[in-house]
Amino acid sequence: MAQIVPLAAAVADLIHDGDTVALEGFTHLIPFAAGHEIIRQRRTDLTLVRMTPDVIFDQLIGMGCARKLVFSWGGNPGVGSLHRFRDAVEAGWPRPLELEEHSHAGMANRYVAGASGLPFAVLRGYVGTDLVAQTSTIKPITCPFTGEVLTAVPALRPDVTVIHAQRADRAGNVQLWGIVGVQKEAVLAAQRSLVTVEEVVDTLDPRPGAVVLPTWAVTAVAVVPGGAHPSYAQGYSVRDNDFYVAWDAISRDRETFLAWMRANVLEVGRDH
Amino acid sequence: MSPAPADRAEICVVACAEAFRGNGEILGAPIGIVPIIGARLARATFEPDLLLTDGEAHLVYGTWPVGEPPSGATEGWLPYRAVFDVVWSGRRHVIMTPSQIDSYGNTNISAIGDYARPTVQLLGVRGAPGNAVSHPTSYWVPKHSRRVFVPRVDSVSGVGWDNARKAGPAATEFMDLRVVITDLGVFDWETETRQMRIRSVHPGVTVDEVLAATGFPLIVGDEVPTTREPDETELRLIREVIDPHGARYREVKV
C-alpha cells in the first residue's frame with residue numbers, strides 16, 4: 001500500500017547511503033526532481049542504475065553521490081557527451097566511478113529477472129565481445145536443451161527504484177503512458193519504490209498503452225508537478241530542449257557546474 | 001533543366017539507401033543524419049515496405065524532411081520496451097556509427113584506451129552486443145580515417161567475424177554484417193577470409209586514397225567499381241523533400 005508523502009520525506013525515508021538506486025524513464029518521465037532531492041540530502045556511495053544515464057546522472061555523479069554506475073548508454077541526448085560522467089571515469093573527479101557496462105537488452109533482461117523472482121536472465125547478446133571479460137556480471141551459460149552456449153546476466157534487485165509518472169489515485173495506484181521504458185520491471189524488481197507524479201486524481205481513467213502499477217507494488221508516491229523537467233511528461237509538459245543544449249556548456253567546467261548546482265539545486269527548497 | 005550533379009554527401013545518402021535494398025518489411029534503424037536520409041530515400045523509391053520511426057516511438061509512413069515532425073500516417077507504436085521484440089526476431093537492420101572498426105568488423109563505441117581507465121569514455125555499448133548477433137547490421141563512418149579504421153579496436157562492443165567464429169554458434173547463427181559506408185566508399189567482407197574489402201569507391205575517390213586512410217590492409221578486387229550516382233528522381237527527393245535545409249552537410253563536408 002503506497003503512502004502519499006512529500007518528496008523530501010520520501011527520499012529521507014527510502015534512500016540511504018550505499019544503496020543501489022535505479023532511476024528509470026526514457027525520453028520523457030525522467031525523475032529529475034527526485035534526483036535533485038537525493039543530491040540535496042547529500043546521499044553518497046550510491047550504486048546508480050539506469051539504462052540510459054543522461055543529465056540527471058551527470059548531476060548526481062558530478063556531485064559525488066555515486067560510487068558505481070550500472071548502465072548501457074551514457075550521454076546528453078541529442079547533444080553529445082556527459083562531461084561530469086567522463087570526468088569521473090577519465091580523471092576520477094570528484095571521485096572515481098566504477099562502471100558496470102551492459103547492453104540495453106542485458107539491462108532490460110536483468111530487471112525482468114528481478115521482477116520475476118528469478119536469479120538470472122539468458123540472452124544471445126555479448127558473445128564474442130570484450131564485455132564478457134570486462135563486466136563480471138556477464139557469464140556464459142549452456143542451454144540444457146540444445147547445448148548452445150549463451151549469456152547469463154544476474155537479476156537486478158535495486159534497494160530503491162525511482163520513477164516519474166503522470167498521475168496516481170488517492171490509494172496510490174500509479175498510471176503512466178506515452179513512451180514507456182522498463183519502469184514496470186524496475187519497480188517490481190526493487191525492494192522499495194518511489195514514484196513522483198504530476199497529480200493525484202480521484203479516478204485513473206484508462207489510457208491507450210498505459211502501464212498501471214498497483215498500490216501494493218509501490219512504497220511511496222510524491223506529488224511533484226514538473227518533476228521530470230527538463231524532460232517532459234506527455235500530456236502535461238513539453239521537453240525543454242534548450243536546457244539540454246545549455247547543459248553542455250554548464251557541465252564542461254567543474255566550477256561552472258558546481259556554481260550551477262548550488263544556485264539551482266542545493267539552494268532551492270523545492271524543485272522547479 | 002537537369003539538376004546539378006550529385007555531390008559527395010548525396011552519393012553517401014544513396015549508398016546508405018542501397019544498404020536497405022531488398023530488406024522488405026523490417027524495421028530500418030538508421031542512426032545519423034545521412035543514414036536517416038538514405039533510409040527515407042530507399043522507402044520513397046525502391047524499398048516501399050521498409051518500416052521507419054519518427055525517431056521516438058511511432059512507426060510512420062510517408063516521406064518528410066529530416067529535423068521536422070512526420071507528415072505521414074502513423075502505422076504502428078513501438079515504444080522503447082517493445083524494440084527487443086523486433087531485435088530478437090531479426091526484423092531490424094541497424095546502421096550505427098562506430099568510433100573504431102577493424103578488418104573483421106569488430107566495432108568499439110565504449111571506451112578509447114585502457115578500459116579500466118580510458119583516455120576517452122564514450123557513450124557506452126548500447127545495443128551493439130545484441131545487434132550484430134541478432135539481425136542485419138551495417139555501419140556509417142562520416143569521416144574515413146586511420147583514427148576509425150584501426151588494426152585492432154580498443155574494446156569490442158559489436159562483434160566482428162573473427163571473434164564471432166571463436167565464440168561459436170550463439171554468435172554466428174544469426175550474424176549478418178552487411179556493409180560499411182563512409183565518405184570515401186562502400187565496404188563489405190570477403191567471403192573466405194571475412195576481412196574487409198572495397199566494394200566500391202565514390203566518384204572522384206581513388207583506391208590509393210582509401211588505402212591511405214585505412215589502418216589495416218583492405219582486399220581490393222581486380223576492378224573496383226564506382227559507387228552509383230543518384231538519378232534525377234533521387235536527387236530531387238534528397239534536395240527538395242527529405243533534406244531541403246542541407247542537414248547532410250553537417251556530416252559530410254563538400
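Here is a short tutorial chat about reading a pocket, a sheet and a helix in a predicted model.

Q: How should I think about empty space here, and what volume does the second largest pocket have?
A: Rolling a probe the size of a water molecule over the atoms shows where empty space is left. In this model, the second largest pocket holds about 290 Å³ of space.

Q: Which residues lie nearest the centre of that second largest pocket, and what classes make up its lining?
A: There are 18 lining residues, and those nearest the centre are B:Asp102, B:Asn106, B:Arg152, B:Asp162 and B:Asn163. Sorted by class, the lining splits into six nonpolar, six polar and six charged residues.

Q: On to chain A: what is the strand order in the open sheet of three strands?
A: Read it as β6-β8-β7, with antiparallel pairing. The edge strands are β6 (120–123) and β7 (139–142) of chain A, each pairing on one side only. From one strand to the next, the twist averages 45 degrees.

Q: How many bridges join β6(A) and β8 of chain A, and what packs on the sheet?
A: Four bridges link β6(A) to β8 (residues 149–154) in the antiparallel sense. In that pair, A:Phe120 sits opposite A:Pro154 of β8(A). Helix α5 (residues 104–116) of chain A packs on the sheet and touches β6 and β8, its direction making about 140 degrees with that of β6(A).

Q: Which residues of helix α8 of chain A are buried?
A: An α-helix has 3.6 residues a turn, so residues three or four places apart point the same way. For α8 (residues 241–252), the buried ones are A:Phe243, A:Tyr244, A:Trp247, A:Asp248, A:Ile250 and A:Ser251. Their cover includes α2 (32–40), α3 (55–62), α4 (83–91) and α9 (254–266) of chain A.

Methods: Residues numbered from 1 in each chain as written. Chains lettered and ligands numbered in written order. Predicted model: local features only at pLDDT ≥ 70, side-chain atom pairs only at ≥ 80, totals over all residues. Heavy atoms only, no water. 1 Å grid on protein atoms, 1.4 Å probe; cavity = no way out; pocket = protein on both sides within 12 Å on 5 of 7 lines; lining within 4 Å. Points joined across faces, edges and corners; volume = space filled by probe spheres on them. Nonpolar A, V, L, I, M, F, W, Y, C, P; charged D, E, K, R; others polar. Pairing = 2+ DSSP bridges. Helix = DSSP H or I, 4+ residues; strand = E, 2+ residues; numbered from the N terminus. Axes fitted to C-alpha atoms, helices over the stretch in contact; angles between N-to-C directions. Contact = heavy atoms within 4.5 Å. Buried < 20%, exposed > 50% of the residue type's maximum accessible area, 1.4 Å probe, protein only.
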